[in-house]
Structures are given as structure tokens and as C-alpha cells.
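Please open the model in your viewer and keep the selection tool at hand, since this tour moves from one selection to the next and describes what is found at each stop.

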Amino acid sequence: MGPIPNTSAPAIWALSLADLLAVLPADAGGLTTAEAEQRQRRWGPNQVLARRRRPAWLDFLARFANPLVLILLFASALSAATGNTSSFVIVLAVVLLSVVLDFIQERQAEAAVEALRRTVAVRVQLWRDGHETTVPLEQLVPGDVVRLAAGDLVPADCRLLEARDLFVNQAILTGEPYPVEKRADQGPLLTGAPGEATACLFMGTSVLAGSATAVVCQTGGATLFGQMSRSLQSAAPPTAFETGVRRFGFLILRLTFFLVLFVLAVNSLFHRPWLDSLMFALALAVGLTPELLPMIVTVTLARGALRLAKRRVIVKRLASMHNVGAMDVLCTDKTGTLTQAAIQLVRALDGEGKDDPRLFELAYINSRFETGLHSPMDEAILAHGQIDMTAWRKCDEVPFDFERRRVSVLAENHGTKLLVVKGAPEDMVRLSGQWRGPGGTLRALDEEARAQLDEQFQSLGREGYRVLAVATRPLPPDRQHIDRTDEHDLVFEGHLAFLDPPKASATAAVTALARSGVDIKILTGDTEAVTRHLCAQLNLPITGLLTGEELRALTSEALHARLKQVNVFCRVTPQQKERVLSACRRAGHVVGFMGDGVNDAAALHAADVGISVDSAADVAKEAASLILLDQDLSVVHEAVLEGRRTVLNVTKYVLMGSSSNFGNMFSMAGAALFLPFLPMLPVQVLLNNLLYDASEAGIPFDRVEEEALTRPVHWNLPLILRFMLVLGPVSSLFDFLTFYVLLHLLHAQEALFQTGWFIESLATQVLVIFVIRTPRAPWRGRPHPLLAGLAVSTAVLAALLPLTPLGGLFGLVAPPPAFYLFLVGAIVVYLTLAEGAKRLFFKRFS
């Protein structure tokens with residue numbers, strides 16, 4: 001590798017191209033693995049936005065930073081200092097168990113999801129150890145020689161060694177949306193703005209067309225993108241789901257804070273021991289705080305992501321699971337999603353509709369010499385047959401772009417220069433002044449001829465063919481370069497007809513999505529005739545159709561008015577796709593977009609749910625939230641259902657926690673007013689909270705009934721608050737009934753009262769999950785065995801614990817048999833009333 005191994009990254013960056021080529025001979029095999037590892041230790045991984053995971057021990061200790069936990073431990077230490085050591089030990093053990101449970105569950109879930117993300121990480125093609133290979137983007141180091149092609153993300157700041165018709169999108173750095181041409185200049189490196197550095201490539205930009213070989217100069221935070229990315233390193237804006245969960249947590253915290261102040265004030269008013277009152281208030285705060293909510297959310301989302309992984313769907317961002325479940329509009333292209341993406345060239349027709357071998361030869365020359373973005377139709381042309389190219393030489397190229405919708409190649413054959421243009425038929429006709437008739441004669445392209453060619457084009461479309469056109473123009477022998485201004489006065493040569501049959505599974509997938517409340521909108525660059533033919537084959541009714549030209553004439557208000565009726569958009573550009581998606585979102589829809597090309601990156605980013613495939617361009621995969629390892633629309637339907645299951649399971653925990661916590665707040669406030677002692681010891685409150693949390697660990701695994709999956713599922717905080725206000729008082733009613741039975745029928749003293757309420761409170765708030773978990777009657781919906789087992793065993797444990805020696809450590813005493821008879825009856829009545837309240841609630845509000 002010459003002197004480069006001993007050269008720092010800034011020094012590599014400053015070398016002229018001649019110096020770089022001198023130390024990078026043509027037969028250089030790149031860095032060795034050992035050298036690359038040494039450089040990575042020096043320069044660090046090639047990461048800018050990646051969040052470095054905290055060490056496990058630091059993550060564990062951070063969970064003790066909860067102010068309530070710290071105050072509780074401090075207060076219990078004071079208790080130990082006054083002689084109550086056993087209370088301190090028990091409180092410490094209970095808090096430690098709760099933290100360990102939270103830590104293990106969430107750490108395992110995050111590790112599993114991170115492993116899935118790595119399977120679809122962006123990889124870079126480079127030379128290592130004497131041969132060409134690919135490595136993950138973060139393993140790139142200064143001095144690596146990389147190869148880039150259309151669709152690739154530029155992985156680091158690089159200096160060009162070789163470039164062929166290279167056009168790059170630098171909008172992320174410069175804000176300019178137009179492609180910039182890059183050349184491997186022979187002079188020294190330009191040091192101006194990114195837009196002026198024509199010999200440089202910058203991290204975060206993307207290759208639109210052409211190919212290149214470049215040497216890496218800067219990686220990670222040292223890149224220009226890294227220096228500008230301080231705002232990008234901030235957390236992404238929270239989704240509606242994340243915002244809703246956070247608001248719910250803050251609501252419960254505020255209610256808990258006021259309840260704690262109320263309990264402290266009442267205990268002070270009745271001159272109860274201040275240390276016991278403080279311990280009880282703090283334990284109450286911990287018990288009522290939804291500290292398990294982040295773990296339940298993370299584990300539930302991760303479980304959903306792992307289930308999708310078994311269906312070969314990789315979830316890149318966990319929070320997107322909510323948007324997948326809430327999605328009610330899916331916008332998709334045709335190719336590869338609704339069709340097989342096995343495109344074949346079946347006909348090459350001249351202007352009179354006759355097969356023309358010369359037309360195929362011209363198309364082959366264009367596709368063979370094209371170095372930009374190769375489409376499936378280019379591959380179909382090259383696979384259709386072989387043409388002897390020994391007499392042909394490429395001179396120059398104007399690469400394909402999605403605004404022009406064509407590619408031009410200047411080729412030479414024994415001194416004769418010929419411009420060959422391939423692209424959209426309507427554009428080829430518009431740019432042509434002549435057409436080739438029988439025997440190769442040239443005829444004027446008058447209105448009659450234009451109508452004839454248009455009818456041929458439309459006829460092929462009605463038969464389901466995708467169509468390209470080829471046109472040519474002789475150029476002077478001294479011409480060596482071309483640009484887009486040369487694409488005029490062409491000779492129209494003919495039409496190429498391609499066949500891409502629909503997927504066998506597409507019809508069933510479209511029907512299944514529609515039944516699940518997801519509307520399909522097709523956004524395609526194909527013609528109206530081809531799209532109508534495909535929709536007919538898929539039994540997809542066209543409720544309305546707009547072309548790109550019609551869309552361009554519509555204002556935002558007019559598009560919004562027509563959006564509900566239109567489900568097919570033809571001949572649309574990438575910018576128009578993005579515009580349609582934005583209009584759908586402004587109309588209140590949660591929108592998904594499925595795409596895999598360079599031109600789809602903006603739309604994938606604009607959608608609520610960007611869906612791509614593992615074989616997609618790097619820029620598409622980077623912008624997507626979900627990556628499909630199988631390019632199949634039926635898998636998207638499975639992802640939608642899994643997203644709904646995930647959100648519904650999180651909602652179960654929230655509904656259960658909100659109603660029981662709100663009920664306990666009422667009960668605590670009432671008990672504090674008339675009891676001469678604490679209604680529950682602080683350590684009993686903590687034990688109650690620990691057992692309750694343990695019983696809920698099965699929620700991420702729970703089943704969801706099919707009828708709950710038939711429509712989009714949104715995070716609905718107002719509905720949760722109403723449910724809390726309805727079910728919470730029902731829980732409090734049975735708490736007060738328990739108070740009455742304990743005080744007036746069983747004549748309970750302090751220890752028995754605290755034990756009785758500990759058992760009843762835990763049993764009712766744990767077993768109510770069987771009511772809340774399903775819209776059906778509880779006996780008709782089968783819970784997951786893990787959830788059922790944890791809930792029942794927790795209730796049984798609460799009832800039996802006072803009968804064991806262990807119960808004495810927590811101040812629990814054995815209740816009389818009459819209490820257990822009351823408890824069984826109370827649970828049955830409570831669950832019956834809760835079921836009735838649930839049915840009335842959802843009948844009224846859902």
C-alpha cells in the first residue's frame with residue numbers, strides 16, 4: 001500500500017491525485033485486516049449518529065438514579081439507624097429485585113433487536129487482504145479503497161481515484177436537490193465548499209448515477225457530515241405512541257405526588273410517627289409509580305420485532321411498531337411488490353409494429369455501455385440476447401435521472417458517432433423529428449405519424465406490457481462528449497415491450513390488507529394503460545386515477561379534495577410521490593410507503609412507515625423503518641397485524657395499571673382519613689408492587705383476539721383516561737368493602753387490617769387482567785399460559801404468604817378462615833362488575 005499505512009487521515013486527505021495514485025498501484029490489494037483493525041483502534045468506528053450502548057454495570061446503576069428509589073433507600077437507612085435493621089434489609093431486597101427484573105428484561109430485549117438491526121446494516125464494497133470484499137460501514141478506516149455505484153451511500157469522506165459519469169446528491173450537506181457531477185481531477189484537492197469540491201465525496205451523500213473508485217480520507221465524527229451533525233445526533237422526534245406513553249407516565253406521577261402530600265399532611269395532622277409516615281408515603285409513591293412501564297413497552301415492542309423476524313421482516317426502529325399497527329394507507333410501487341420483478345423483453349417493434357432486430361441492437365448498445373443506474377429493464381435487454389460489440393466503443397454518456405426519464409450514450413463504430421437514447425416513449429416522440437420506416441427510410445414525424453406511434457404505445461400498455469422507446473441521432477466524428485442539450489432532433493427507432501406478470505400472492509395480500517382497514521394506493525412511473533391492466537388482474541378496483549401531469553396542475557387544496565377518491569397515481573416522479581404521501585398525512589392518515597430504489601428514498605423518509613427490502617439501494621434501506629427479506633406484500637399484512645398486537649398488549653398493561661393505581665389512590669386517601677394507623681406497612685406496599693410487577697411480565701407474550709386486529713390500532717390516551725376514571729372507582733369500592741369487613745365484621749387490629757388489605761388489593765388488581773385483556777367475555781378469550789400462570793400464582797402467593805414464616809418478615813399475620821371466604825366472594829363479584837363496566841365503557845366510547 002506504499003506509504004499510506006503510516007500516514008494520518010488528514011495527510012491522506014491532502015494528497016494530490018497523482019500522489020495517491022503513486023502510493024496506490026493498480027495491483028494494490030488494499031489494507032490488510034490487521035492494519036484495518038489497528039487504524040480502527042486509532043480512529044474509532046466509522047459512526048456518526050450511532051448511539052453507543054452504555055456498559056451493563058453502568059446501565060444497572062443508572063436505574064437506582066430514580067429519585068423515589070433513592071429517597072426510599074435513604075429513609076430506610078434512617079430507619080435502620082434508629083434500630084429497625086430488618087426493615088432496611090427487606091426494603092433493600094425488594095428494591096433490588098425490582099431493579100434486577102427491569103434490567104434483565106429490557107437488556108435482553110434491546111440486545112435481540114440490535115442483533116436484528118445488524119443483519120440489515122449498510123455494507124461497503126472495498127479491497128482487503130488482496131481481494132475485493134464487503135464489510136459493515138462502521139468498520140471502514142482511513143486508507144481503505146472503496147467502490148461505489150448508483151444507489152450507494154457514500155460511507156465516509158473520500159478522494160476520487162476514478163469516476164465514470166458520476167452524479168451525486170449532496171442535498172444533506174448543501175440543501176441543493178440537483179445532482180452534482182464528480183470527476184477525479186488530476187490537480188490538488190479542492191478545499192472550498194462541498195459544492196465546489198468536484199474531486200471529493202462526502203459521507204451521507206448518495207450516488208445517483210455512474211460509478212467510482214475512491215480512497216477514504218476521514219471517517220466518523222471527523223467527516224464533514226460528522227462535524228455538521230450535532231443537530232442530527234439529537235434524538236429523533238418521538239412518535240405519537242412514545243409521546244402518549246410519556247404523557248400517561250407523567251399524569252400518574254402528578255397524581256401520585258399529590259396523594260403522597262395528602263397522606264403526609266393527614267398523618268402529621270393526627271400526630272403519627274413521622275418516620276413511619278415518611279416511609280409509607282415514599283413506598284406509596286414507588287408502588288403507584290408506573291416504573292415498570294418502560295420495561296413493559298420495550299419488551300413488548302421487542303417481542304413483536306422478534307416475531308416479525310421469524311417472518312423475515314427486520315424492524316430497524318422499535319417505536320415504528322406502533323405506526324405499523326396504526327397504518328391505514330399503504331402506498332406502493334408496482335414492480336417487485338405487486339409484480340414478480342422478473343421482467344423479460346418480449347418484443348422490439350419498429351414504427352409500423354413489426355419486429356426489428358436492429359432496434360434490439362440499438363437498445364443493447366445503450367444498456368451495455370450504460371454505467372449509471374441499471375434498471376430491471378436494462379437487465380432484461382442484456383439477458384435477451386448477445387450482440388457482438390467488438391466494433392463499438394463508448395465515448396460518453398448522460399446518465400439516467402428521474403426527471404428526464406432517459407439515458408443517452410454516445411458510441412463509435414469505425415469512426416461513425418451515434419447518439420443512442422432510451423427512455424419514456426412519450427418523451428422520445430416529443431424529442432424526435434423523424435421516424436424510421438420500412439427498409440430503414442426516414443420519414444417526417446408529422447401529426448399522423450405521432451398519432452400512429454401513440455396508438456401503438458397505448459395498445460401495448462392495454463395488453464399489460466411495460467414500454468420503452470429508442471431514438472438515435474448521428475453526430476460529427478469529432479464529438480467526444482455529450483450533454484442533455486444534445487437530446488433533440490432524434491430519429492424515433494421503435495418500441496421495446498417488456499412483460500412483468502403479477503405475483504400469485506398479490507391478489508390475496510391486497511384483499512387481506514383491505515379487510516384489515518388498510519387502503520392501497522399505487523404510485524408508479526408506469527403508464528395508465530399498464531397500471532389499469534395490472535389492477536384488473538389483481539381485482540383491485542380503481543376508484544380514481546391521476547397522472548403526474550394532472551398532479552402537477554393541482555394545488556395542495558385540490559389534491560387534498562381528490563385524495564379520498566384517487567387510489568392510483570401514474571407517471572409520477574419521486575417528488576410527486578413524496579407530495580402524495582405528505583398530503584395523506586395532512587389528511588390525518590398514518591401512511592406507509594413501500595419502495596426499494598434510489599428514487600424512493602425521499603418518499604420512504606416522508607412516510608410514517610418506510611418499508612424496503614434487503615436487496616434495495618443503500619439510501620432506501622437507510623430511510624426505511626422496516627426491511628423485508630422477502631419482497632412480498634403478504635408479509636406487510638403480517639407486519640401490520642403484529643404491530644397491532646404489540647400496541648394492544650402495551651395498552652393492556654396501561655389500562656390495568658391506570659385503573660388499579662387510580663383506585664388505590666382513592667383507597668389510600670380514604671384510609672388515611674379515618675384509620676388510626678397506616679393502612680399498609682411501607683415494606684408491604686413495596687412487596688405488593690414487586691409481586692404485581694412480576695405478574696405482568698407475561699403481557700408481552702399474550703394473545704390478541706382476531707376481532708381486535710380488524711382495524712388500525714392507535715395509541716388513545718383520552719380513552720385510557722376515561723377507562724381509568726370508570727374502572728378505578730370500582731376497584732376503590734371493593735377496597736372500602738374490605739375495610740368495612742375487616743373493621744366491623746372481623747374486628748381487625750392493625751396487623752390483620754394491613755394483611756387483609758394487602759391480600760385483597762393484590763388479588764383484585766392482578767386478576768382483573770383477565771377482564772381487561774380481551775374485548776370478549778373473559779371465559780371466551782384464552783390468555784397466554786405464561787400470563788395466566790403468573791397472575792393466578794401471584795394471587796395465590798399473596799393469599800398464602802401470611803400463613804408462612806416468611807410473611808412475618810413483612811408484618812403479615814394469618815387471617816381467619818372467614819376472611820378467605822369473603823375474599824373469594826369479593827373477587828368473583830369484583831371481576832363480574834369490572835366485566836360489566838368494561839362492556840358498558842367500550843360500548844359507549846370505543
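Is arginine 462 buried, exposed or partly exposed? In this predicted model, arginine 462 has a relative accessibility of 47% and therefore counts as partly exposed, because exposed would require over 50% and buried would require under 20%. Keep arginine 462 selected and add glutamate 455, whose side chain meets that of arginine 462 in a salt bridge with an N to O distance of 2.8 Å. Glutamate 455 is itself partly exposed, at a relative accessible area of 42%.

Next, select lysine 652 together with aspartate 702, where the two side chains form a salt bridge at 2.5 Å from N to O. Lysine 652 belongs to helix 24 (residues 633-674), whereas aspartate 702 sits in the loop between helix 25 (682-695) and helix 26, so this pair ties together parts that are 50 residues apart in sequence. Lysine 652 is buried, with 5% relative accessibility, and aspartate 702 is buried too, with 5% relative accessibility.

Move on to lysine 394 and glutamate 397, whose side chains meet in a salt bridge of 2.6 Å, again taken from N to O. Both lysine 394 and glutamate 397 are buried.

For a network, select Arg307, Arg311, Glu638, Glu642 and Arg645, which are linked to one another by salt bridges. The structure as a whole holds 31 salt bridges.

Now turn to the backbone. Most residues other than glycine have a negative phi, and the following two stops show positive values. Histidine 414, which is not a glycine, has a positive phi near 55 degrees, and its place is in the loop between strand 12 (406-413) and strand 13 (416-423). With a relative accessibility of 72%, histidine 414 counts as exposed. Histidine 747 likewise has a positive phi, of about 50 degrees, without being a glycine, and you will find histidine 747 in the loop between helix 26 and helix 27 (750-767). Histidine 747 counts as exposed at 56% relative accessibility.

The tour ends on the surface. Select Phe262, Leu673, Phe674 and Phe736, which form a nonpolar patch there and together have about 360 Å² of accessible area. Within this patch, look at phenylalanine 736, which lies in helix 26 (residues 717-745) and is partly exposed, with a relative accessible area of 34%.

Key. Residues numbered from 1 in each chain as written. Predicted model: local features only at pLDDT ≥ 70, side-chain atom pairs only at ≥ 80, totals over all residues. Heavy atoms only, no water. Patch = residues over 30% accessible without salt bridge, like charges linked within 9 Å, V, L, I, M, F, W, Y side chains within 5 Å. Areas by Shrake-Rupley, 256 points an atom, 1.4 Å probe, with all protein chains shown as cover. Salt bridge = Lys/Arg side-chain N within 4 Å of Asp/Glu carboxyl O. Helix = DSSP H or I, 4+ residues; strand = E, 2+ residues; numbered from the N terminus. Buried < 20%, exposed > 50% of the residue type's maximum accessible area, 1.4 Å probe, protein only.
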